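Visitor: I'm new to this one and would like to learn how to read it. Could you walk me through it, a feature at a time?

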Amino acid sequence: MASENGEKVEVGLSAVAEAKAKAKKKDWVVLSLRVVAFLATASATLVMALNKQTKSFVVATVGSTPIRASLAAKFNQSPAFVFFVVANANASLHNLLMIAMEVLGPQYDYKGLRLVLIAILDMMAMAVASAGDGAAAFMSELGKNGNSHARWDKICDKFESYCNRSAAALAVSFLGFILLLIISVMSIIKLLKPNRINHASP
């Protein structure tokens, strides 16, 4: 009888150890995704915020003398691009705080509220990043192709470098958004299985 109880205790301990190992592995996966998402959103923020191109155009001709004017394309000339920068900066800050919380958070958890807070903040950051990407994608398409119905001219044939950098920032930002989506799903799954996580915690 004693040997049976001993075997049960041993099996229970091995199950707990296995659960701890799985939980630690998942935590490292989430932490790695957060680091990559932070790098993606921070890169998108910097590239778009520093995006500027100045070109000289002939705006008139007096006799045979062309009159030139310098025009600059900047991100802050479009509210959509400004929102894009703010949204990605917010996502970068969020990921940075969540990385710190993943590393230091378990020591200060209070009745599982840490998991709830992380899941809520992840969804909010993802929603804001999605809105910023959508707004910037709309403006990028408008800058590339224009809109003949509204008589809006395209500008990417004149400011090629500006548009290329905007496209690069948008692509990297969408990568960050996809990673945020994956992280949010993992946070919700972790929240829906509190018993397994709590048993896995030391």
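Visitor: Let's start with Val172. Which helix does Val172 lie in?

Guide: Val172 lies in helix H4. Keep in mind as we go that this is a predicted model.

Visitor: Is Val172 buried, exposed or partly exposed?

Guide: For that you look at relative accessible area, where under 20% means buried and over 50% means exposed. Val172 has 30% relative accessibility, so it counts as partly exposed.

Visitor: And what does Val172 touch, once residues up to four places away in sequence are not counted?

Guide: Its partners are Ala40, Ser43 and Ala44. You can also look at C-alpha atoms: those of Val172 and Ala42 are separated by 9.3 Å, and these two residues are 130 residues apart along the chain.

Visitor: What share of the contacts in the whole chain, with a separation of 6 or more, links residues 24 or more positions apart?

Guide: Such pairs account for 72% of those contacts.

Visitor: Let's zoom out, then. How many helices and strands does the protein chain have?

Guide: The chain has 5 helices and 2 strands. Reading from the N terminus, the order is α-β-β-α-α-α-α. As for burial, 31% of the 202 residues are buried.

Visitor: How do I describe two helices that pack together?

Guide: Two packed helices are described by the angle between their axes and the distance between those axes. Take H3, residues 113-145, and H4, residues 160-192: their axes come within 9 Å and cross at roughly 155°. An angle over 145 degrees counts as roughly antiparallel, so H3 and H4 are roughly antiparallel to each other. Their crossing is left-handed.

Visitor: Which classes of residue make up the contact of H3 with H4?

Guide: By class, there are 18 nonpolar, 5 polar and 3 charged residues in that contact.

Visitor: Can we look at a residue in H3? What does Ala137 touch, leaving aside neighbours within four places in sequence?

Guide: Ala137, which lies in helix H3, is in contact with Leu170 and Phe174. The C-alpha atoms of Ala137 and Phe174 are separated by 9.9 Å, with their positions 37 residues apart along the chain. At 27% relative accessibility, Ala137 counts as partly exposed.

Visitor: What about H2 and H3? At what angle do they pack?

Guide: H2 and H3 pack at about 155°, and their axes are 8 Å apart. That makes H2 roughly antiparallel to H3. The contact of H2 with H3 divides into 17 nonpolar, 5 polar and 4 charged residues. As for handedness, the crossing of H2 and H3 is left-handed.

Visitor: And how are H2 and H4 arranged?

Guide: Here the angle is about 40°, with the axes 11 Å apart. H2 and H4 are therefore oblique to each other, and their crossing is left-handed. On the H2 side, the contact includes Phe81, Phe84 and Asn88, while H4 brings residues including Tyr162, Ser166 and Ala169. By class, the contact of H2 with H4 has 7 nonpolar, 5 polar and 2 charged residues.

Visitor: Is there a residue of H2 worth a visit? Is Ser92 buried or exposed?

Guide: Ser92 lies in helix H2, and it is buried, with a relative accessible area of 7%. Not counting residues up to four places away in sequence, Ser92 touches Phe38, Thr41, Ala42 and Thr45. Its C-alpha atom is separated by 9.4 Å from that of Arg34, and the two residues are 58 residues apart along the chain.

Visitor: Last topic: how should I think about nonpolar cores?

Guide: In soluble globular proteins, nonpolar side chains tend to be buried together. In this model the largest nonpolar core has 14 residues, and those touching the most other members are Met48, Phe75, Phe81, Phe84, Val85, Ala136 and Tyr162. Helix H1 (2-49), helix H2 (79-104) and H4 each supply at least two residues of this core. H4 gives the most, with 4 residues.

Visitor: Which residues is Val85 in contact with, leaving aside its neighbours within four places in sequence?

Guide: Val85 is in contact with Thr45, Met48, Ala49 and Phe75. Apart from the largest core lies another, of 5 residues, among them Met126, Ala129, Phe177 and Leu180.

Conventions. Residues numbered from 1 in each chain as written. Predicted model: local features only at pLDDT ≥ 70, side-chain atom pairs only at ≥ 80, totals over all residues. Heavy atoms only, no water. Axes fitted to C-alpha atoms, helices over the stretch in contact; angles between N-to-C directions. Parallel < 35°, antiparallel > 145°, perpendicular 65-115°, else oblique. Left-handed = near helix turned anticlockwise from the far one by under 90°. Nonpolar A, V, L, I, M, F, W, Y, C, P; charged D, E, K, R; others polar. Core = buried A, V, L, I, M, F, W, Y, C linked by side-chain atoms within 4.5 Å. Buried < 20%, exposed > 50% of the residue type's maximum accessible area, 1.4 Å probe, protein only. Contact = heavy atoms within 4.5 Å.
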